[in-house]
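Welcome to a short tour of one protein chain and its ligand. Have the viewer open beside the text, and follow along from the sheets to the ligand and then to two histidines.

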Amino acid sequence: MTTNWADIVADAQQHMAVTNTVNEAPLAADRAIAADAELLSAQLQAMRERLFAPASNKVLRKFSSSEAAKLIGVSDSYLRQLSIAGEGPQPETGTAGRRLYTLEDINALRHLLTEQNAKNRNYLPWRDAQRGEHLQILAVTNFKGGSGKTTTTTHLAQHLALSGLRVLAVDLDPQASMSALFGYQPELDLTGNDTLYGAIRYDEAQRRLRDIIRKTYFDGLDLVPGNLELQEFEHTTPRVLAERRGPATDMFFTRVQAALQSVADDYDVVVIDCPPQLGFLTLSALCAATSVIVTVHPQMLDVASMSQFLFMTSDLLSVVREAGGTLNFDFLRYLITRYEPNDGPQAQIAGFLRAQFGDRVLTAPMVKSTAVSDAGLTKQTLYEVGRENFSRVTYDRAMESLTAVNGEIEALIHSAWNRTGKGAKV
Ligand SMILES: Nc1ncnc2c1ncn2[C@@H]1O[C@H](COP(=O)(O)OP(=O)(O)O)[C@@H](O)[C@H]1O
Ligand SMILES: [Mg+2]
């Protein structure tokens with residue numbers, strides 16, 4: 001990584017030293033906090049200008065021909081033949097004649113190959129509503145912060161988009177870490193009414209979700225960004241409940257579902273990054289969900305807090321069910337995150353979870369890797385950073401684990417669509 005963190009920290013320290021001497025007199029709590037907020041916001045802005053390209057400039061790396069062939073499900077030589085015959089998008093030629101494909105190229109090739117082989121094989125894994133393949137709405141949840149929700153959701157959304165599915169990623173966390181990974185700085189890039197809250201709010205300022213959705217630099221992957229305004233839903237819902245306005249169909253738990261239904265035709269999968277709390281947002285997301293992934297870091301405190309989470313969730317969902325909400329999941333799975341297989345206690349807890357929940361724990365854990373956390377420092381995912389930034393062993397080990405996790409979830413989605421084998425539709 002090229003980031004010089006030492007410089008940035010030194011800058012910030014210098015800035016703090018100056019501010020601290022200016023602010024020697026005792027401050028009222030609100031002013032003190034406001035002053036720090038301004039300080040931090042200014043520093044973050046300066047850091048961002050130095051480190052991160054604005055969202056609109058964030059671009060996805062190109063893929064080598066062997067990576068592209070693997071993603072499409074054909075041989076590298078077949079891709080070369082197409083390129084020599086001048087069919088489909090022409091790859092850029094890099095050093096030593098290496099052919100490089102963008103994700104747009106790869107998706108164009110999927111379309112082309114599907115047209116050419118209409119009778120034999122479908123290279124586009126899109127769902128077929130005619131065959132009852134319903135929109136998959138996958139909520140990633142747990143009220144423990146740091147359990148890997150955002151990392152899981154973002155990498156899953158990107159994996160599914162690379163597989164050729166049409167994906168909508170929804171950031172339901174007011175802290176908006178997923179939006180940040182997609183290049184948005186919530187308090188700067190979003191002006192108001194730009195999050196899912198805009199589509200589920202109770203007043204006349206409600207907007208169509210279609211108008212809130214943004215494209216990302218991943219072809220086929222759209223985003224509903226998050227920011228602090230999402231928190232409004234937690235404040236307005238109790239008021240509306242107390243006033244008992246509107247018909248039962250207008251209850252809080254139907255709102256996320258209704259908003260997502262309005263764009264269902266454009267997507268195969270929606271993945272939702274839930275906030276680390278069990279509020280109305282999370283409940284409404286769980287009611288919309290067709291499947292759930294609970295992330296769990298295998299440490300005793302996390303497992304104890306997860307047990308609380310499960311009790312509370314089931315209590316609250318039963319209230320929703322009694323009020324007429326429908327709750328049917330295609331699957332519910334636990335994903336072990338930030339796993340260190342050589343750490344004895346972690347391995348024991350992972351074993352304990354498997355003994356309790358059996359197949360409901362995904363076979364593959366997501367291993368802890370500096371490749372994931374370092375990529376995170378520059379607001380990138382493992383799919384963006386490229387192998388050359390790390391030692392090969394580090395990168396490959398992380399990618400292998402990630403591919404296994406995402407592959408398992410993708411297979412569950414396909415089986416929810418009653419497909420046999422990966423992407424098989426024909
Ligand atoms: N597999 C992993 N290896 C290393 N670091 C990870 C891994 N998964 C998550 N992290 C780091 O742990 C922190 C918390 O993860 P995050 O996904 O933001 O959790 P949550 O959304 O549940 O709060 C982040 O800094 C992230 O970069
Ligand atoms: Mg998060």
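## A central pair of strands

Strand 5 runs parallel to strand 7 (residues 221-224), and 4 bridges link the two. Within this pairing, Leu 168 has Asp 222 of strand 7 as its bridge partner. This is a predicted model, so please read every value below as computed from predicted coordinates.

Strand 5 also pairs with strand 8 (residues 269-273), again in the parallel sense, this time over 5 bridges. Here Val 170 sits opposite Ile 272 of strand 8. As background for both pairings, strands of a sheet are held to one another through backbone hydrogen bonds, in either a parallel or an antiparallel arrangement.

## How enclosed is strand 5?

How many of the 5 residues of strand 5 (residues 167-171) are buried? The count is 5 of the 5, so the strand is largely enclosed by the rest of the structure. The cut-off behind that statement is a relative accessible area under 20%.

Which way do the side chains of strand 5 point? Val 167, Ala 169 and Asp 171 point one way, while Leu 168 and Val 170 point the other way, and all are buried. The general pattern in a regular strand is that side chains alternate between the two faces of the sheet. If you colour the residues of strand 5 by the direction they point, you can put Val 167, Ala 169 and Asp 171 in one group and Leu 168 and Val 170 in the other.

## The sheet of 7 strands

Strand 5 belongs to an open sheet of 7 strands, whose order is 6-7-5-8-4-9-10 and whose pairing is mixed. Its edges are strand 6 (214-215) and strand 10 (331-336), each of which pairs on one side only.

Moving along the order, strand 8 is joined to strand 4 (residues 136-141) by 5 bridges, and these two strands run parallel. Ala 139 has Ile 272 of strand 8 as its bridge partner. Ile 272 is therefore a handy residue to select in the viewer, because Val 170 of strand 5 stands opposite Ile 272 and Ala 139 is paired with Ile 272 as well, in a sheet where strands pair through backbone hydrogen bonds.

## The sheet of 3 strands

There is also an open sheet of 3 strands, with the order 1-3-2 and antiparallel pairing. Strand 1 (63-64) and strand 2 (92-93) are its edge strands, each pairing on one side only. Strand 1 and strand 3 (residues 99-101) run antiparallel and are joined by 2 bridges. In strand 3, Leu 100 is the residue that Ser 64 stands opposite.

## Around ligand 1

Which residues come nearest to ligand 1? Of the 15 around the ligand, they are Gly 146, Thr 150, Thr 151, Val 367 and Ser 369. By class, the shell consists of 3 nonpolar, 8 polar and 4 charged residues. Helix 6 (149-162) and helix 16 (370-377) each supply at least two residues of this shell, and helix 6 gives the most, with 3 residues.

Oxygen atoms of ligand 1 have several polar partners. A backbone N or O atom of Gly 146 is 2.6 Å from one such oxygen, and a polar backbone atom of Gly 148 is 3.0 Å from an oxygen of the ligand. Lys 149 contributes a polar side-chain atom, 2.9 Å from a ligand oxygen. On its own, ligand 1 has 560 Å² of accessible area, and the protein covers 75% of this.

## Two buried histidines

His 159 lies in helix 6. Is His 159 buried or exposed? His 159 is buried, with a relative accessible area of 11%. Beyond its neighbours within four places in sequence, His 159 is in contact with Tyr 383, Asn 406, Gly 407 and Glu 410.

His 414 is part of helix 18 (residues 392-416). With a relative accessible area of 3%, His 414 counts as buried too. His 414 and Gln 136 are 278 residues apart in sequence, yet their C-alpha atoms are 9.7 Å apart in space.

## The chain as a whole

The chain has 18 helices and 10 strands, and 50% of its 426 residues count as buried. Among contacts with a separation of 6 or more, 78% are between residues 24 or more positions apart. The accessible surface comes to about 20600 Å², with 53% belonging to carbon and sulfur atoms.

Conventions
Residues numbered from 1 in each chain as written. Chains lettered and ligands numbered in written order. Predicted model: local features only at pLDDT ≥ 70, side-chain atom pairs only at ≥ 80, totals over all residues. Heavy atoms only, no water. Near = heavy atom within 4 Å. Polar contact = N/O pair within 3.5 Å; in protein donor to acceptor, adjacent residues only side chain to side chain. Areas by Shrake-Rupley, 256 points an atom, 1.4 Å probe, with all protein chains shown as cover. Nonpolar A, V, L, I, M, F, W, Y, C, P; charged D, E, K, R; others polar. Buried < 20%, exposed > 50% of the residue type's maximum accessible area, 1.4 Å probe, protein only. Contact = heavy atoms within 4.5 Å. Pairing = 2+ DSSP bridges.
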